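Biologist: I would like to learn how to read a ligand site and the empty spaces in a protein model. Could you take me through one?

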Amino acid sequence: MPITPTKKIWMDGELVDWDDATIHVLNPTLHYGWGVFEGIRAYATDRGPAVFRLTEHIERLFRSAHIYFLEPQFTVEQVIAATKETVRVNDVESCYIRPLMYLGHGEMGLLPVTSNTRISIAVWPWGTYLGDAAEENGVRARVSSWQRISANAIPPAGKGTGQYINSSLAKVEAIKAGYDEAIMLTPSGNVAEGSGENLFVVTRGTVYTPPVVDGVLAGLTRDSIMTMARDEGIEVVEKSIVRSDLYLADEVFCTGTAAEVVPMVEIDDRKVGKGVPGPVTKRLIELYRQAVTGRLDRYKEWNEYVRE
Ligand code: PMP
């Protein structure tokens with residue numbers, strides 16, 4: 001998806017012009033993928049841009065850093081403040097936000113110098129990740145031939161830059177085969193998640209999602225949806241799911257900051273339910289839209305306003 005440039009990128013405490021936010025070609029993160037990142041969105045609200053669950057995203061960034069021994073020179077609070085500042089100075093009402101921790105250059109090899117940890121934060125306006133019509137019409141997915149990374153290969157609980165080669169292989173395979181998204185299985189064959197989204201199955205009114213032990217990222221959108229569904233009186237159960245559960249479900253949808261909430265209407269060439277977005281999915285899409293734009297008082301702590 002193309003990036004629309006904005007004005008400034010935050011780099012280690014400085015606001016740098018967009019075109020000058022560059023790194024050296026011998027940067028070790030570029031070579032070996034030892035870095036961590038977040039994907040966050042800010043939404044336009046009556047009170048200006050509100051970053052959705054910003055604090056929890058930055059806390060997850062620092063947890064990812066902990067997994068990889070990275071030593072950020074800034075605190076969680078400083079990175080939160082820097083993120084708000086970057087949204088403010090770029091004059092965007094809604095945007096995607098990409099904080100990244102990476103290694104400074106100067107050494108090469110598989111032993112990273114984790115004390116040399118750098119941070120950048122970029123923001124840009126970004127449309128819906130799975131396409132404009134995805135939310136309305138749903139998408140077609142296929143189970144990938146690529147397995148989701150397992151906990152003892154590369155920890156799926158972190159958002160390490162290098163681990164996304166696994167997601168990308170699955171995504172590329174799905175797109176080349178004519179589908180919109182990939183669904184990845186665990187090494188033991190349970191359903192894990194999409195290439196960058198968590199998965200939910202609706203069967204006879206109950207919502208099921210794979211547990212974190214099945215190698216899924218503990219998505220913040222996943223958590224928002226589970227919370228809002230439960231508050232609506234819908235039963236939500238975290239349990240392992242197998243491939244045929246997807247085929248036999250009434251509804252399947254996926255969730256992620258970039259993708260938001262998207263119905264999956266066809267999986268492995270089988271219609272899911274009636275082959276159109278179902279009522280539970282549609283209701284949750286509506287609630288999510290209201291929550292992110294600060295229109296639900298009950299979840300107002302999720303809206304972190306940048307101009308207040
Ligand atoms: N799974 C993976 C592998 C992801 O990369 C993402 C996106 N961060 C998600 C799930 C969804 O997580 P979130 O809702 O926190 O964006």
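Modeller: Happily; we will go from the pocket to the ligand and then to the cavities. This is a predicted model, in which local features need pLDDT of at least 70, side-chain atom pairs count only at pLDDT 80 or more, and totals for chains, interfaces and linings use all residues. Residues are numbered from 1 along each chain as its sequence is written, and side-chain values use heavy atoms, with hydrogens and water left out.

Biologist: What is the volume of the largest pocket?

Modeller: On a 1 Å grid over the protein atoms alone, a pocket is an open set of points with protein on both sides within 12 Å along at least five of seven lines, a cavity is a set where a 1.4 Å probe fits but cannot get out, and lining residues have an atom within 4 Å of a point. A volume is the space filled by probe spheres set on the points, which are joined across faces, edges and corners. Here the largest pocket comes to about 1,300 Å³. Its lining has 46 residues, with F37, Y96, R98, W126 and Y164 nearest the centre.

Biologist: Which helix or strand gives the largest share of that lining?

Modeller: Helices (H or I, at least four residues) and strands (E, at least two) are DSSP runs numbered from the N terminus. In this model α5 gives the largest share, five residues.

Biologist: Where does the ligand sit?

Modeller: A molecule sits in a pocket or cavity if more than half of its atoms lie within 2 Å of its grid points. This ligand sits in the largest pocket. A residue is near it if a heavy atom lies within 4 Å; of the 16 residues around the ligand, Y164, E193, L220, T221 and T257 come nearest. Both α6 (220-231) and β14 (251-256) supply at least two residues of this shell.

Biologist: Which polar side-chain atom lies 2.6 Å from a ligand oxygen?

Modeller: A polar contact with the ligand is a pair of N or O atoms within 3.5 Å. That side-chain atom belongs to T221. A backbone N or O atom of L220 is 2.7 Å from a ligand oxygen, and a side-chain N or O atom of R60 is 2.8 Å from one. The protein covers 96% of the 390 Å² of accessible area (Shrake-Rupley, 1.4 Å probe) that the ligand has on its own.

Biologist: How many cavities of 30 Å³ or more are there?

Modeller: There are three. The largest cavity holds about 60 Å³ of space, and its lining includes P28, L103, E107 and M108.

Conventions. Polar contact = N/O pair within 3.5 Å; in protein donor to acceptor, adjacent residues only side chain to side chain.
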